[in-house]
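Trainee: I would like to go through the terms used for this model. Can we test each label against its cut-off?
Mentor: Yes, look at the structure and ask away.

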Amino acid sequence: MKLGLVTIGLGGALAIGLVAWFGVRSISHEVLEAAWVIPLTSALLCLQLFLSAVAWRLVMGEDRPRLGRYVRVRWIREAVNSLLPVAQIGGNLVGIRMLTQRGLRGALAGAGTTLDLTIETATQFLFTLAGFGVLAQIGADRSWAPWVEWALGSMALALAGFVIAQRAGMLRLIEWLARRLNGFFPGLSLDAVYGLHRELMRLHGDGSAVAKAALLHMLAWVLGVGETWLALTAMGRPTSLSEAFVIESLGMAARSAGFVVPGALGVQEAGFIVVCGLFGISPDAAIALSMVKRARELTVGVPGLVAWQWSEGKRLLQQRT
């Protein structure tokens, strides 16, 4: 919690500093110009979450999975990760908890969520790679090439290491730690972790479900291009779809790189300044684009947090009665 407060403080200071440096008035004007597209971008975000929920449902391997349950939990999971100081981890734990509360075995909920996160990360890597490919085709300035090669290499190694760790038994380590802790805390239940590795390997074996989930996640990433194009057009900064593709893919990569900062506060804004600058888009417009994205996150995310608290409060009352 202390680390979260420190990072949100630093991120907030960076965001405020960028806004102050590039002009509060001009950025506010750009945001107001694009305000009418926020309902449209919010609808696009809801569609992205729906596709991600369908992908999550596919890889879970349930006999009769209920789509509505996954849509609701995916919505809440995203809201927690985007708006609370949980370093993009807490929402996933909340999602696992909510699935187990609804009758899913803990091992299956944990393994399925791990696989879903792996697929989501892998498709974002491919989306980012495609963005750099498009940039290479339309951009004359090649000064960015060395740091791009380093960044892509680092992302590929991290992703490969994560997959290899899963295959090598990363979740077995969690099971082992739980058994050790059970010796000190006899009341600790092992039901939620026992068999995690076995379940994950079983889900990995369903190549058809994994491939379909990957296509859905990729489609969700690509939908963000429409959001970026709409927002910039509304601000009077019309761009081509190829330019919007680059801005969205690399901007979201910058946001993901700042996962330790709640909501990538400040990091997202800095990323958009750099990427938009490749196409001559001013820093104030780039920050305004980031603010429009944050507005649609609040529009969709705040009700998600309310729904989560309502669900937890209702369950607590049922336990007391």
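Trainee: What makes arginine 237 and glutamate 30 a salt bridge?
Mentor: The model is predicted, and its closest N and O atoms for this pair are 2.5 Å apart. The cut-off is within 4 Å, from a side-chain nitrogen of Lys or Arg to a carboxyl oxygen of Asp or Glu. So the pair of arginine 237 and glutamate 30 counts as a salt bridge.

Trainee: Why is this pair said to tie together parts of the chain?
Mentor: Arginine 237 lies in the loop between helix H10 and helix H11. Glutamate 30 lies in helix H2. The parts are 207 residues apart in sequence, so the pair ties them together.

Trainee: Is each partner buried, exposed or partly exposed, and how do you know?
Mentor: Buried means under 20% relative accessible area, and exposed means over 50%. Glutamate 30 has 5%, so it is buried. Arginine 237 has 26%, so it is partly exposed.

Trainee: Which other side chains meet in a salt bridge, glutamate 199 being one of them?
Mentor: Glutamate 199 meets arginine 202, at 2.9 Å from N to O. The two are three residues apart in helix H9, which means a separation of about one helical turn. Glutamate 199 is buried, at 7%. Arginine 202 is partly exposed, at 43%.

Trainee: What about arginine 294 and glutamate 269?
Mentor: Their side chains meet in a salt bridge of 2.6 Å, N to O. Arginine 294 is in helix H13 and glutamate 269 in helix H12, so the pair ties together parts 25 residues apart in sequence. Both residues are buried.

Trainee: What makes a network out of salt bridges?
Mentor: Shared partners do. Here they join Glu227, Glu248, Arg255, Lys293, Arg296 and Glu297 into one network. A search of the whole structure finds 14 salt bridges.

Trainee: Now the helices. Why are H3 and H6 called oblique?
Mentor: They pack at an angle of about 130°, with axes 9 Å apart. Over 145 degrees would count as roughly antiparallel, and 65 to 115 as roughly perpendicular. The angle of about 130° fits neither range, so H3 and H6 are oblique. H3 passes H6 in a right-handed crossing.

Trainee: And why are H4 and H5 called roughly antiparallel?
Mentor: Their angle is about 150°, and their axes are 7 Å apart. The cut-off is over 145 degrees, so H4 and H5 count as roughly antiparallel. H4 passes H5 in a right-handed crossing.

Trainee: How do you know whether threonine 123 is buried or exposed?
Mentor: Threonine 123 lies in helix H6. Its relative accessibility is 4%. Under 20% is buried, so threonine 123 counts as buried. Its C-alpha atom is 8.3 Å from that of leucine 215, 92 residues apart along the chain. In the chain as a whole, buried residues make up 47% of the 321 residues.

Trainee: What makes the nonpolar surface patch, and how does leucine 298 qualify?
Mentor: Leu298, Val302 and Val306 make the patch, of about 260 Å². Patch residues need over 30% relative accessible area. Leucine 298, in helix H13, has 47%, so it passes that cut-off. At 47% leucine 298 counts as partly exposed.

Trainee: How many helices and strands are there?
Mentor: The chain has 13 helices and zero strands.

Technical notes. Residues numbered from 1 in each chain as written. Predicted model: local features only at pLDDT ≥ 70, side-chain atom pairs only at ≥ 80, totals over all residues. Heavy atoms only, no water. Patch = residues over 30% accessible without salt bridge, like charges linked within 9 Å, V, L, I, M, F, W, Y side chains within 5 Å. Areas by Shrake-Rupley, 256 points an atom, 1.4 Å probe, with all protein chains shown as cover. Helix = DSSP H or I, 4+ residues; strand = E, 2+ residues; numbered from the N terminus. Buried < 20%, exposed > 50% of the residue type's maximum accessible area, 1.4 Å probe, protein only. Axes fitted to C-alpha atoms, helices over the stretch in contact; angles between N-to-C directions. Left-handed = near helix turned anticlockwise from the far one by under 90°.
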